[in-house]
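Colleague: I am new to this structure and would be grateful for a close look at a single part of it. Please take one helix and describe what surrounds it.

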Amino acid sequence: MSAVEDKLAELGLTLPETATPAGAYVPALRSGSYVYTAGQVPLVEGALPVTGKVGGEVTPEEAKELARTCALNALAAVKSVTGDLDRIARVVKVTGFVASAPDFTGQPGVINGASELLGEVLGARGVHARSAVGVAVLPMDAPVEVEMQVEITE
């Protein structure tokens, strides 16, 4: 097991299997020294634990936890390409999408769930640029979706 996976275990987390794509794409793709993940919804064992809009059917606190799950799924996608999460030199960019009720404006707080997980697991290598975007709806009525780009070492 890698040092990153040891840290996940310390946090009581395990790296899930890479999610099966819901369309004509791959979960992650390497280009040079970068890995780009597809958007990861908070699937747990192949199913969404909750659906709906944040600020409506889903509380911001629930959504923040779901964003952590999205980040964990994104790490699994990175590992599917690199074979070892210890090869992550740094997380460069995280983009988070929040399916939002019309009056919900707390997208950054929701996506903090993903950002905080990456910081806990990767330390300084997890510090990244980020966008948190409110959207009308996400695939499968997921409340949150996260994608990221990471730089890797040889």
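Modeller: The account below follows helix α2 and the parts that meet it. The model is a predicted one.

Helix α2 covers residues 60–82. At 1.5 Å a residue, its 23 residues should span 33 Å, and the end C-alpha atoms are 33 Å apart, so the expected and modelled spans agree. After the helix comes G83, whose phi is positive, near 80°.

The helix has a substantial part in the interior. The largest nonpolar core has 37 residues, and α2 gives the most to this core, with 11 residues. Other elements that give two or more residues are α1 (3–10), β3 (88–99), α3 (107–122) and β5 (144–152). Within the core, the residues with the most contacts are V110, L118, V144, M148 and V150. In general, nonpolar side chains in soluble globular proteins tend to be buried together.

V144 shows how this core is joined to the helix. Beyond its neighbours within four places in sequence, V144 is in contact with A63, L66, A67 and C70, among others. Its contacts also include F97, V110, I111 and L138. Apart from the largest core lies another, of 6 residues, including V41, L43, A99 and A142.

Charged side chains also connect the helix to its surroundings. K79 forms a salt bridge with E5, at 3.0 Å from N to O. Because E5 lies in helix α1 and K79 in helix α2, this pair ties together parts that are 74 residues apart in sequence. E5 is buried, with a relative accessible area of 13%, whereas K79 is partly exposed, at 27%. The structure holds 7 salt bridges.

T82 also belongs to α2. With a relative accessible area of 9%, T82 is buried. Leaving aside its neighbours within four places in sequence, T82 is in contact with V35, R87 and I152.

R87 leads on to a further set of charged residues. R87 forms a salt bridge with E154, the closest N and O atoms being 4.0 Å apart. R87 lies in the loop between α2 and β3 and E154 in the segment after β5, so this pair ties together parts that are 67 residues apart in sequence. R87 counts as buried, at 17% relative accessibility, while E154 is exposed, at 73%. Together with R30, these two residues are linked in a network of salt bridges.

Technical notes: Residues numbered from 1 in each chain as written. Predicted model: local features only at pLDDT ≥ 70, side-chain atom pairs only at ≥ 80, totals over all residues. Heavy atoms only, no water. Core = buried A, V, L, I, M, F, W, Y, C linked by side-chain atoms within 4.5 Å. Buried < 20%, exposed > 50% of the residue type's maximum accessible area, 1.4 Å probe, protein only. Helix = DSSP H or I, 4+ residues; strand = E, 2+ residues; numbered from the N terminus. Contact = heavy atoms within 4.5 Å. Expected span 1.5 Å × (residues − 1).
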